[in-house]
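Biologist: I'm new to this one. Could you walk me through how to read it?
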Amino acid sequence: MPYIVNSSPGAGLRFEPSSTLADKSAAMKWAVGLEERGMRQIRIKDTVSGLVYDVASLRAAIKAE
């Protein structure tokens, strides 16, 4: 489970705990779901390489593969 997804809520929204996911596409789906619920400052960390992505940069990394 190398991808950890964290986010910060907007005003008046409840906090959502981080989630650990197996691959980039699962992490992307989780991040998009967080965006749809109004979460901001979404960060996805690849625990193997140490890279930290936002939604746009993870989307670009997936397209580049």
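What follows is a short conversation about the fold, the helix pair, the core and a few single residues.

Modeller: Sure. One thing up front: this is a predicted model.

Biologist: Noted. Which helices and strands does the protein have, and in what order do they run?

Modeller: Start by walking along the chain from the N terminus. Here the order is β-β-α-β-β-α, which gives 2 helices and 4 strands.

Biologist: How do the two helices sit relative to each other: roughly parallel or roughly antiparallel?

Modeller: Look at the angle between their axes; over 145 degrees counts as roughly antiparallel. The axes of helix 1 (residues 24-36) and helix 2 (residues 55-64) cross at roughly 150° and come within 10 Å. Helix 1 and helix 2 are therefore roughly antiparallel. The crossing of helix 1 over helix 2 is left-handed.

Biologist: Which residues make that contact?

Modeller: From helix 1 you have Lys24, Ser25, Ala27, Met28, Ala31, Val32 and Glu35, and from helix 2 Val55, Leu58, Arg59, Ala61 and Ile62. Sorted by kind, the contact residues are 8 nonpolar, 3 charged and 1 polar.

Biologist: What about a core? How do I read that?

Modeller: The general idea is that nonpolar side chains tend to be buried together in soluble globular proteins. In this model the largest nonpolar core has 14 residues. Val5, Ala27, Ala31, Ile42, Ile44 and Leu58 have the most contacts inside that core.

Biologist: Which element gives the most residues to this core?

Modeller: Helix 1 does, with 4 residues. The elements giving two or more are strand 1 (3-8), helix 1, strand 3 (40-46) and helix 2.

Biologist: Can we zoom in on one of those core residues?

Modeller: Try Ala31. If you skip neighbours within four places in sequence, Ala31 is in contact with Val5, Ile42, Ile44 and Val55.

Biologist: Val55 came up in the helix contact too. Is Val55 buried or exposed?

Modeller: The cut-off for buried is under 20% relative accessible area. Val55, in helix 2, has 6% relative accessibility, so Val55 counts as buried. Leaving out residues up to four places away in sequence, Val55 touches Met28, Ala31, Glu35, Ile42 and Ile44. With Glu35, the C-alpha to C-alpha distance is 9.0 Å, across 20 residues of sequence.

Biologist: And where does Ala26 fall on that scale?

Modeller: Ala26 lies in helix 1 and is partly exposed, at 25% relative accessibility. Ala26 is 8.8 Å from Tyr3, C-alpha to C-alpha, with their positions 23 residues apart in sequence.

Biologist: Which strand holds Asp46, and is Asp46 buried or exposed?

Modeller: Asp46 is in strand 3, and its relative accessible area of 9% makes it buried. Apart from residues up to four places away in sequence, Asp46 touches Pro2, Tyr3, Leu51 and Tyr53.

Biologist: How do I spot parts that are far apart in sequence but meet in space?

Modeller: Compare the separation in sequence with the C-alpha distance. Take Ser7 in strand 1: Ser7 and Ile42 are 35 residues apart in sequence, with their C-alpha atoms 4.2 Å apart. Ser7 is also buried, with a relative accessible area of 9%.

Biologist: How much of the protein's contacts, among those with a separation of 6 or more, come from residues 24 or more positions apart?

Modeller: They account for 50% of those contacts. As for burial across the chain, buried residues make up 34% of the 65 residues.

Terms used:
Residues numbered from 1 in each chain as written. Predicted model: local features only at pLDDT ≥ 70, side-chain atom pairs only at ≥ 80, totals over all residues. Heavy atoms only, no water. Axes fitted to C-alpha atoms, helices over the stretch in contact; angles between N-to-C directions. Parallel < 35°, antiparallel > 145°, perpendicular 65-115°, else oblique. Left-handed = near helix turned anticlockwise from the far one by under 90°. Contact = heavy atoms within 4.5 Å. Nonpolar A, V, L, I, M, F, W, Y, C, P; charged D, E, K, R; others polar. Core = buried A, V, L, I, M, F, W, Y, C linked by side-chain atoms within 4.5 Å. Buried < 20%, exposed > 50% of the residue type's maximum accessible area, 1.4 Å probe, protein only.
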